[in-house]
Amino acid sequence: MEKRSFRRMGRDASVIGLGAWQLGADWGDVSEADAHATLQAAVDAGVTFIDTADVYGDGRSEQIVGAFVKDKPGLTVATKMGRRLPQEPANYHLDNFRAWTDRSRANLGVDTLDLVQLHCPPTPVFHSAEVFDALDTLVQEKRIAAYGVSVEKVEEALAAIARPGVASVQIILNAFRLKPLERVLPAAAEAGVGIIARVPLASGLLSGRYDENTTFAADDHRNYNRHGESFDVGETFSGVDFATGLEAVRRLRPLVPDGVTMAQFALRWILDQRGTTVVIPGARNPEQARANAHAAELASLSPETQEKIIAVYDELIRPQVHDKW
């Protein structure tokens, strides 16, 4: 599989990674055996980058990933911290960072975490020199090898890219979220900051598997967070109204080449965007993991196809999401 560089981190990563939120919670139940089988299928298909967080199943995802990667060199595990306490700027300080990373180190079974990302903190955190000084201290103490941020807003990403120690920015990027293409990806490419594209299938909408009759389990965020009841609504269906998303998918479907799934088409679009380092689709089973990885082998989409994707976005999606994040 193609690899791209996190220049500030001095590491390469497979262009298709694996998002491990599904393996912890909030997407319905995934057994530990199924989680390990999914991880193995991803790695067998060439995936070298796994993304998790300390709040996914309150540490369950980290523990599963940690048990899996033990004695498997060459893999990069990124985790996230900061959402186990109220999202208040005062909670983002060195003592908490030490406690949070120590817990993640224990969950993952490592002395030094490969990459730790602030997990969508409040906007003022991105403008605090003390926060980034504390993260530098964690590197000096060898609790972490590198740090980055996960963001909701373009302005937060740009503020982070301007910090010399930030190795990566994780941001929602998919065919329903085009705003990062305007400034974030160019700025990251120039600065050598890796871009981790999350929510690449818009919570499954861009898989093309859903219709108006689809229902989701009670413990699935696509049921309980459709209007932002539990966390930022942009994390669920990329903030797009479900019915609008279904119509957009219907218009995109004729653009999908023969022999390619809608999900692979959506992932290939992200890989074609200059500045993207790795995209992290989730998977609940080995078949999904293998299919996602296959997107890296597909030919780039034509300029004509790219233009048609933008046209669907401009008509249906832009009015709902473009100016919110």
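Colleague: Which residues does Phe97 touch, not counting residues up to four places away in sequence?
Modeller: In this predicted model, a contact requires heavy atoms within 4.5 Å. With residues up to four places away in sequence left out, the partners of Phe97 are Met81, Tyr92, Leu118, Val131, Ala134, Leu135 and Leu138.

Colleague: Which helix gives the most to the largest nonpolar core?
Modeller: That core has 93 residues, and those with the most contacts inside it are Phe97, Leu118, Leu135, Val169, Phe176 and Leu206. Apart from this core lies another, of eleven residues, among them Phe49, Ala78, Ile196 and Val278. The helix that gives the most to the core of 93 residues does so with eight residues, and this is helix 9, residues 262–271.

Colleague: Why is the protein said to be as compact as a globular protein of that length?
Modeller: The fold has eleven helices and ten strands. For 325 residues the globule rule gives 20 Å, and the protein counts as equally compact because its radius of gyration is close to that value, at 18 Å.

Colleague: What share of the contacts in the protein with a separation of 6 or more comes from residues 24 or more positions apart?
Modeller: Buried residues, those under 20% relative accessible area, make up 58% of the 325 residues. Among contacts with a separation of 6 or more, the share from residues 24 or more positions apart is 77%.

Colleague: How many Å apart are the mean positions of the positive and negative charges?
Modeller: The protein exposes about 13,100 Å², of which carbon and sulfur atoms supply 48%. It carries 35 positive and 44 negative charges, and the distance between their mean positions is 2 Å.

Terms used
Residues are numbered from 1 along each chain as its sequence is written. This is a predicted model: local features need pLDDT of at least 70, side-chain atom pairs count only at pLDDT 80 or more; totals for chains, interfaces and linings use all residues. Side-chain values use heavy atoms; hydrogens and water are left out. Helices (H or I, at least four residues) and strands (E, at least two) are DSSP runs, numbered from the N terminus. The radius of gyration is taken over C-alpha atoms; the globule rule is 2.2 Å times the number of residues to the power 0.38. Buried means under 20% relative accessible area, exposed over 50%, partly exposed in between (1.4 Å probe, protein chains only). Accessible areas come from the Shrake-Rupley method with a 1.4 Å probe; for residues, only the protein chains shown count as cover. Lys and Arg count as positive and Asp and Glu as negative; His and the chain ends are not counted. The place of a charge is taken as NZ of Lys, CZ of Arg, CG of Asp or CD of Glu. A nonpolar core is a set of buried Ala, Val, Leu, Ile, Met, Phe, Trp, Tyr and Cys residues joined through side-chain atoms within 4.5 Å.
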